[in-house]
Amino acid sequence: MLLTISTTADQATDLGFLLHKHPDKAQSFGQSFGTAHVFYPDAGARRCTAALLLDVDPVKLVRTRGRGTPDFSLGQYVNDRPYAASSLLASAMANVFRTAMRGRCDMRPELAETAIPLEIVLPALPCRGGPGQAERFFAPLGWDVSAVPVPLDPEFAEWGDSRYVTLTLTGRMRLADALNQLYVLLPVLDDAKHYWIAPDEVDKLIRAGEGWLGAHPDRAAITRRYLANRRSLVRAALGRLADAEDAPEDALDPVEVEEEPARADNGTDAEAEAPASLSERRIQAVVQALHDEDARRVIDMGCGSGKLLARLAQDDFFTEIAGTDVSYRALEGAARRLRLDKPRHRPDKRVLDVFQSALTYADERFRGYEAAVLMEVVEHIDPPRLRAMEQVVFGQAKPRVVVVTTPNAEHNVRYEGLAPGAMRHPDHRFEWTRAEFRAWAGRVAEAHGYRVRHVPVGDDDPEVGAPTQMGVFAR
């Protein structure tokens with residue numbers, strides 16, 4: 001099976017820096033199911049093409065066949081895995097291009113963050129649902145999609161088309177984003193995997209889908225196919241994706257699991273839908289706390305893409321609203337959500353501004369509000385910098401009310417999709433237990449002249465507490 005990646009960017013051979021594979025060398029990498037070869041059939045200054053050729057050992061496939069594959073009884077002996085792009089190719093990509101998929105390029109870091117012209121070709125891609133399915137999944141990501149059906153036999157047109165397409169994607173995109181999209185969508189289009197689906201597949205999906213899957217119009221269908229319709233895993237993944245736009249600072253896709261505990265999986269359910277998300281319950285709790293404290297002028301500190309701001313703007317109780325975040329990309333999303341770029345069409349004039357700033361540095365624009373909200377923010381700050389944040393928010397901005405929410409680390413054991421000891425998002429610097437959060441909140445309140453009350457958010461488990469803990473500080 002073959003994958004080619006081409007670019008016509010200036011100094012096109014810099015593609016080698018991004019892939020961490022030298023254009024002048026052909027390299028081979030052993031896989032559990034064969035050998036992956038990387039080489040460059042074209043390496044010029046104006047156009048460069050990298051190829052990943054996967055040579056599959058059919059004998060090693062015997063132990064990888066699952067009941068979801070076509071013709072299961074013969075699947076161990078007769079299959080298309082050596083020839084068609086599938087989860088085998090996705091696994092090889094994750095192994096061979098691991099650093100590139102993480103967006104790391106120490107030699108050219110600015111290039112790794114830049115959208116470049118790309119053309120990606122897969123000559124034989126199994127596509128359940130036909131060419132329209134490939135268009136449906138890739139087009140919303142910004143690709144121009146060409147999915148040409150492969151005939152069963154060119155000599156016998158009356159036989160019709162096979163279930164395979166020749167897929168060509170063209171567009172401008174970060175290479176890391178393109179690779180992660182392929183990693184997820186190759187097995188999704190094939191609708192089969194060569195290995196058993198385990199709970200850690202949720203983490204893989206969230207990691208590879210960061211920055212694009214949460215906003216995809218077909219994220220539910222993609223998630224169901226990727227997780228082979230295992231209901232408990234699908235529910236966990238969709239619940240985590242529901243919070244994809246709440247993260248502060250540079251993490252745009254926090255991945256808190258949904259509030260319901262894991263259940264036994266008694267079968268598949270292709271129609272499994274996400275429950276009411278923890279994100280929604282958290283927003284409701286924050287809004288209620290602001291009402292309870294009669295705080296009408298509010299700044300959302302770490303506003304992300306503006307989900308809380310949009311909710312505040314819909315509530316006539318609030319008279320003045322602003323948001324700040326260190327991530328410019330998040331602020332662009334907030335501005336679009338609030339229609340700040342279209343003053344004539346803005347639904348609410350009380351949203352004064354969203355602006356870029358860091359919570360660990362004093363900023364006069366933080367002053368003058370009755371309340372400040374830090375919703376899922378503190379856990380993204382390095383512990384040595386927490387004191388600086390405390391001084392900026394509680395000591396200098398000094399709003400009358402501060403609302404802080406953060407994950408409850410004790411509740412993590414309730415989620416099947418979260419590995420033991422793992423945190424809910426790779427950008428989290430820590431996650432507090434209930435005792436740790438109360439100790440921190442008590443110290444901050446005493447140091448800056450506040451009282452604090454604690455409110456559980458989500459279902460309050462009698463053993464491990466609610467999934468989110470909230471502290472409401474009042475001077």
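The following paragraphs lead from the overall make-up of this protein to its nonpolar cores, two of its helices, and a few individual residues.

The structure is a predicted model. The protein contains 15 helices and 14 strands. Of its 475 residues, 55% are buried. The accessible surface amounts to about 20900 Å², and carbon and sulfur atoms account for 49% of that area. Contacts across the sequence can be described as well: among those between residues at least 6 apart in sequence, 71% join residues at least 24 apart.

The interior is a suitable place to begin. In soluble globular proteins, nonpolar side chains tend to be buried together. Here the largest nonpolar core has 73 residues, and the members that touch the most other members are W143, L167 and V184. Helix 7, spanning residues 175–190, supplies the largest share of this core, with 10 residues. Apart from this core lies another, of 32 residues, which includes L331, A335, V373 and M375.

Helix 7 deserves closer attention. Its 16 residues reach 22 Å from the first C-alpha to the last, close to the 22 Å expected at 1.5 Å a residue. The helix nevertheless has a kink of about 25° at V184, shortly before the proline P187. V184 is thus named twice, as the site of the kink and as one of the core residues that touch the most other members. Leaving aside residues up to four places away in sequence, V184 touches L205, A208, W212, I222 and Y226. How much of helix 7 is buried? The count is 15 of its 16 residues, and the helix is therefore largely enclosed by the rest of the structure. Just after helix 7, D191 adopts a positive phi of about 60°.

Two of the residues touched by V184, I222 and Y226, lead on to helix 9, since both are listed among the buried residues of that helix. Helix 9 comprises residues 219–226 and is mostly covered, with 7 of its 8 residues buried. Besides I222 and Y226, the buried residues are A220, A221, T223, R224 and R225. The cover over these buried residues includes helix 6 (131–138), helix 7, helix 8 (200–208) and helix 10.

Beyond the end of helix 9 comes A228, in the loop that leads to helix 10 (231–241). Its phi is near 55°, a positive value in a residue other than glycine. A228 is partly exposed, with a relative accessible area of 38%. H20 is another residue other than glycine with a positive phi, near 60°. H20 belongs to the loop between helix 1 (15–19) and strand 2 (27–31). With a relative accessible area of 37%, H20 is likewise partly exposed.

Cysteines complete the survey. A disulfide is a covalent bond between the sulfur atoms of two cysteines. How many disulfides are there when a pair of cysteine sulfur atoms must lie within 2.5 Å? By this rule the count is 0. Two of the cysteines may be located by their accessibility. C48 has a relative accessible area of 0% and is therefore buried. C303 also counts as buried, because its relative accessibility is 4% and the cut-off for a buried residue is under 20%.

Technical notes
Residues numbered from 1 in each chain as written. Predicted model: local features only at pLDDT ≥ 70, side-chain atom pairs only at ≥ 80, totals over all residues. Heavy atoms only, no water. Core = buried A, V, L, I, M, F, W, Y, C linked by side-chain atoms within 4.5 Å. Buried < 20%, exposed > 50% of the residue type's maximum accessible area, 1.4 Å probe, protein only. Helix = DSSP H or I, 4+ residues; strand = E, 2+ residues; numbered from the N terminus. Contact = heavy atoms within 4.5 Å. Expected span 1.5 Å × (residues − 1). Bend = angle between axes of the 7 residues up to and from the residue. Areas by Shrake-Rupley, 256 points an atom, 1.4 Å probe, with all protein chains shown as cover. Disulfide = S-S within 2.5 Å.
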